[in-house]
Amino acid sequence: GYLFSRPVGAPELLDTLDRFAEGRAIVCGSNPAFDMRKIELLAAEYGSAPPPWHYHPYDVPVLAHGYLLGKGIAPAPPWRSDFLSQCVGVDPGKYARHTAAGDVAWTRAMWEAIGGDAS
């Protein structure tokens, strides 16, 4: 499901992210540092502290590259996310890419394919 079933303003979004990140949650995604930075800028704009997530996110396509190297497969650079996804058996074309829900589902599928715990 989705975090919200309706549009929300920045203060409610920041409050919700703050609760989700309690305990220094680790953010996983495809280039999650990009989104983390945007949220940190939004928090600063509203006079809030950034969510208390762990400072080091998991970039799942980079982890997929390491997984492939561990299997003796060395894809040549540049390491495109779609290609790495295909290499671990996840067809990126099956996901609504570049949408929040689609990218989450795609990234989670890659995470599960390389043996990540999705719980």
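## A walk through the chain

Start with the whole chain in cartoon view: its secondary structure comes to 5 helices and 2 strands (DSSP runs, H or I of at least four residues for helices and E of at least two for strands, numbered from the N terminus). Before you click further, note that this is a predicted model, where local features need pLDDT of at least 70, side-chain atom pairs count only at pLDDT 80 or more, and totals for chains, interfaces and linings use all residues. Residues are numbered from 1 along each chain as its sequence is written, and side-chain values use heavy atoms, with hydrogens and water left out.

Colour from the N terminus and follow the order: α-β-α-β-α-α-α. Switch to the C-alpha trace, which spans about 45 × 25 × 25 Å along its principal axes.

Now turn on the surface. About 7,800 Å² of the chain is accessible, and 57% of that belongs to carbon and sulfur atoms (Shrake-Rupley method, 1.4 Å probe). Of the 119 residues, 27% are buried (buried is under 20% relative accessible area, exposed over 50%, partly exposed in between, using a 1.4 Å probe and protein chains only).

Next, select Tyr58 and Trp111. Which kind of aromatic pair do Tyr58 and Trp111 form? A search of the whole structure finds 1 aromatic pair, and Tyr58 and Trp111 form it in a tilted arrangement, 5.8 Å centre to centre with 35 degrees between the planes. For the terms, rings of Phe, Tyr and Trp (its six-membered ring) pair if their centres lie within 6.5 Å; planes under 30 degrees apart are stacked, over 60 edge-to-face, and the rest tilted. Tyr58 sits in strand E2 (residues 58-59) and Trp111 in helix H5 (residues 100-113), so the pair ties together parts that are 53 residues apart in sequence. Check the surface again here: Tyr58 is partly exposed at 33% relative accessible area, while Trp111, at 17%, counts as buried.

Slide over to Arg97 and Trp106. Arg97 lies over the face of Trp106, 3.6 Å from the ring centre (the cut-offs are NZ of Lys or CZ of Arg within 6 Å of the ring centre and within 35 degrees of the ring normal).

Last stop: His65, in helix H3 (residues 60-70). Is His65 buried or exposed? His65 is buried, with a relative accessible area of 14%. Show its neighbours: leaving aside those within four places in sequence, His65 is in contact with Pro75, Trp79 and Leu84 (contact means heavy atoms within 4.5 Å).
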